[in-house]
Amino acid sequence: QRSHNRSPSYNHNQNHNQQQQQQQQRAHSPHRSHAHGIAVEGAVPRPVSSGVPSAFEQVVMYTFDYDSQTWKQSQNAASIEAKPFGSGSCRTAYKMRDIAGNVYLAKAYKKGAQPQQYFADASMQAMCQCFAACYNQRSPPKPVRFVTAHILRCLQRPGQPVMACERLLSGEFKKYNNNAGYTSDDDRNTPQAFSHFTYVLSN
């Protein structure tokens, strides 16, 4: 049984503001020193002739390593469905699979967010994973986990736009709290305990 969702902006959100404050105080903030270097200021990878099937497009996938505070990148090929899988208030989601057959959910902001926002979101997700690991070390009744968030740069599209992506999870998902003070009527202790834990740990 999962007591969490696949994105910190969708669940366990009471720790979001504290995480932002802690992240901005770090000497090697991924928002400032790493996301800009790779996504904005660094050399942009170019597509190469690699025999990629026509249904796929060449992409670069970025993943934030929280321990080293650096971005890792890898070349890949992806097939992103043109029809949206779902849509929220801020982003539209599309089903995607890579050349190895792994299924993802690719997300794009509706209002044309800058690449920095995508990288900030992904590094925040990595911070959430770190908080979850610290929480699970205390042997709670139910552990908390976050999926790994990636950034996708579409090399063969005009302007090489970026999208967020994460592994597609099945099942129903429910919001248990948020930054505005909302808590659901369900008698669930794990979401509230984790939110309080991160509030204390992040000072």
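**Figure 1. Cysteines of the predicted model.** The disulfide count comes to zero in this predicted model. Cys 128 illustrates the point: the nearest cysteine sulfur, that of Cys 130, lies 9.9 Å away, whereas a disulfide would require the two sulfur atoms to be within 2.5 Å. Cys 128 is therefore in no disulfide. The surroundings of two cysteines may also be read from this view. Cys 128 has a relative accessibility of 0% and counts as buried, while Cys 90 is partly exposed, with a relative accessible area of 46%.

**Figure 2. The largest nonpolar core.** This core holds 37 residues, of which Ile 80, Met 96 and Ile 151 touch the most other members. At least two core residues are supplied by each of the strands β1 (57-65), β2 (70-80), β4 (91-98), β5 (103-109), β6 (150-154) and β7 (162-167), and likewise by each of the helices α3 (115-136) and α4 (189-201). The largest share, ten residues, comes from α3.

**Figure 3. Contacts of Met 96.** Met 96 is one of the three residues that touch the most other members of the largest nonpolar core. With residues up to four places away in sequence left out, Met 96 touches Met 61, Ala 78, Ser 79 and Ile 80. The contacts of Met 96 further include Asn 102, Val 103, Tyr 104 and Ala 106, together with Leu 152 and Cys 165.

**Figure 4. Strand β6 and its two pairing partners.** β6 is joined to β1 by five bridges, and the two strands run antiparallel. Within this pairing, Met 61 has Leu 152 of β6 as its bridge partner. β6 also pairs with β7, again in the antiparallel sense, over four bridges. Here Ile 151 stands opposite Ala 164 of β7.

**Figure 5. Burial of strand β6.** Five of the five residues of β6 are buried. Both faces of the strand are covered. One side carries His 150, Leu 152 and Cys 154, and the other carries Ile 151 and Arg 153. Ile 151 is also among the residues with the most contacts to other members of the largest nonpolar core.

**Figure 6. Confidence along the chain.** The mean pLDDT of the protein chain is 81, and 73% of its residues reach 70 or more. Over residues 1-44, the pLDDT is below 50. Beyond near neighbours in sequence, this stretch has 118 contacts in the model.

Note on methods:
Residues are numbered from 1 along each chain as its sequence is written. This is a predicted model: local features need pLDDT of at least 70, side-chain atom pairs count only at pLDDT 80 or more; totals for chains, interfaces and linings use all residues. Side-chain values use heavy atoms; hydrogens and water are left out. A nonpolar core is a set of buried Ala, Val, Leu, Ile, Met, Phe, Trp, Tyr and Cys residues joined through side-chain atoms within 4.5 Å. Buried means under 20% relative accessible area, exposed over 50%, partly exposed in between (1.4 Å probe, protein chains only). Contact means heavy atoms within 4.5 Å. pLDDT is the predictor's confidence in each residue, from 0 to 100. Two strands pair if DSSP finds at least two bridges between them.
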